[in-house]
Amino acid sequence: MRIQISGINDERFMRPLQLISNLFFEEAEIFLKPSEHDIEALFNFEFRQSDFRLACELKAEGKTYEAFLEKSFTATDEKEQFKQMKQAVLNVYVTALQQYTGITQKWEILTGVRPTKLFHKKKLEGRKNEEIYKQLKEDLLVSNEKIRIMEQIVEKQLTVVPDLYNLTKEVSIYIGIPFCPTKCAYCTFPAYAIGGKQGKVDSFLGGLHYEMRMIGEWLKERGINITTVYYGGGTPTSITAEEMDMLYEEMYTSFPNVDRIREITVEAGRPDTITREKLNVLKKWNIDRISINPQSYIQATLKAIGRHHTVEETIEKFHLAREMGINNINMDLIIGLPGEGLKEFEFTLEETAKLMPESLTVHTLSFKRASEMTKNKEKYKVAERSEVEKMMNKAVEWTKANHYEPYYLYRQKNILGNLENVGYSRKGYESIYNIIIMEEMQTIIGLGCGASSKLIDPVSRDITHFANPKDPKSYNDGFKHYTNEKIKLLNALYGEN
């Protein structure tokens, strides 16, 4: 769809208009200036300052669609003025597109990946829930359904972590292990097939141990404790039991007050990496929260997306973990995988009901730019928007019927149906780390290959990002440099002493 915009010349509108257009059309091109291309839809914006009226007219396929907004702009500085004008422009733009396409966007003009963070921000400003609800409805057009789930999740998070707004005196740690048995077709995480790369693994682990020691020393010198530790990747259980044992010993040796850490999670997402020996190591170091991720219980789907384990193996490893006393297991499911519709997803939920993990994250498939699936879309046929919405509705019904409650939510670009990913949990099994990373209330120090640090100013809450290299060779060559650079940033944030 090629769209010509007239009445707007500011290039800053280009990206937000593009993001909204992408919600309606798979291939959308936006032009703010006259184009030589054949235009399929023409938008004309008109703003009258006298009565604060913004009008939008859309002409497409011989028909005309109109949307209007009357709004007084109250901002005093230029930045806030642009923000209010942008919201107004997107308001009438999405309204006209909904008329034209017949597609209703429940998130409307809210395209950010962390909707609940916006709700938290307004609570921090001292606003009541009723006021926040009204503002989200009027300014961003968010549907009642989505505002309700935002409110429900925010209240749940504040119950699970009552001091969520005051966690800046501590930090959390993310440890990235960049190896997997194979790379899934939808994946863009820094993950490399581990087969035949033991030399790289050894070098990587040496660098990771160094980072853990240096950051641990920095934390101890300043009396800063750790709230949560999360081992992700890749698949952290891709390394051997002996390597895992040494890694967790390093954690206990290097990090301050490990006995006071509220939660330690290890992603064991690929069932084909789980062994009795590795589970014994987890138990030895008092690590009780793990992920075992089926994604789907349809064997043909697993094969299509490059997961070289069987459905039976997922079930077998789940029972093995239970037998060995692992009492906090998360599972991930993905809505909209290639070749799957409502029938297949219902079967996956039925199989999940036989295991009943403590928590469940329901992802909606996202076509990430660098993934194998995105590069070969014609090979990976996925369900239509209406079918994807039915699957999401079924997930909501199933989790409610089985006493799971939503406790975190995030969205992604190019996500099917413009939906969301939702983490559900039984009471008392919510992941503190997932809450912290989604709401960006605390510094998370990333260690290991591909690990990203989010350094949050304790006063202003401004965020500084710092990323380690994504490939093992670059990490192995420069881990000391990256550790030193990270410590410099931490010193600037928390003070040298």
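I began with two phenylalanines: F179 and F204 are both buried. The model I am reading is predicted.

Next I looked up how these two rings sit. A pair of aromatic rings is described by the distance of the centres and the angle of the planes. By the pairing rule I count 20 aromatic pairs. F179 and F204 make one edge-to-face pair, with 5.9 Å from centre to centre and 75° between the planes. I placed F179 in strand 7 (residues 179–180) and F204 in helix 6 (residues 198–222), so this pair ties together parts that are 25 residues apart in sequence.

I then turned to two tyrosines. Y231 and Y248 also form an edge-to-face aromatic pair, at 5.2 Å centre to centre and with 80° between the planes. Y231 belongs to strand 9 (residues 226–233) and Y248 to helix 7 (residues 241–254), so the parts tied together here are 17 residues apart in sequence.

Are Y231 and Y248 buried or exposed? I find a relative accessible area of 0% for Y231, so Y231 is buried. Y248 has 1% relative accessibility and counts as buried, because the cut-off for buried is under 20%.

Back to F179 and F204: which cluster do they belong to? Ring pairs link them with Y210, Y475 and F479.

Last, I checked for charges over rings. K480 lies over the face of Y210, 5.7 Å from the ring centre; Y210 is one of the residues in the cluster. R12 lies over the face of F82, at 4.0 Å from the ring centre.

How values were computed:
Residues numbered from 1 in each chain as written. Predicted model: local features only at pLDDT ≥ 70, side-chain atom pairs only at ≥ 80, totals over all residues. Heavy atoms only, no water. Phe/Tyr/Trp six-rings, centres within 6.5 Å; stacked < 30°, edge-to-face > 60°. Helix = DSSP H or I, 4+ residues; strand = E, 2+ residues; numbered from the N terminus. Buried < 20%, exposed > 50% of the residue type's maximum accessible area, 1.4 Å probe, protein only. Lys NZ or Arg CZ within 6 Å of the ring centre and 35° of its normal.
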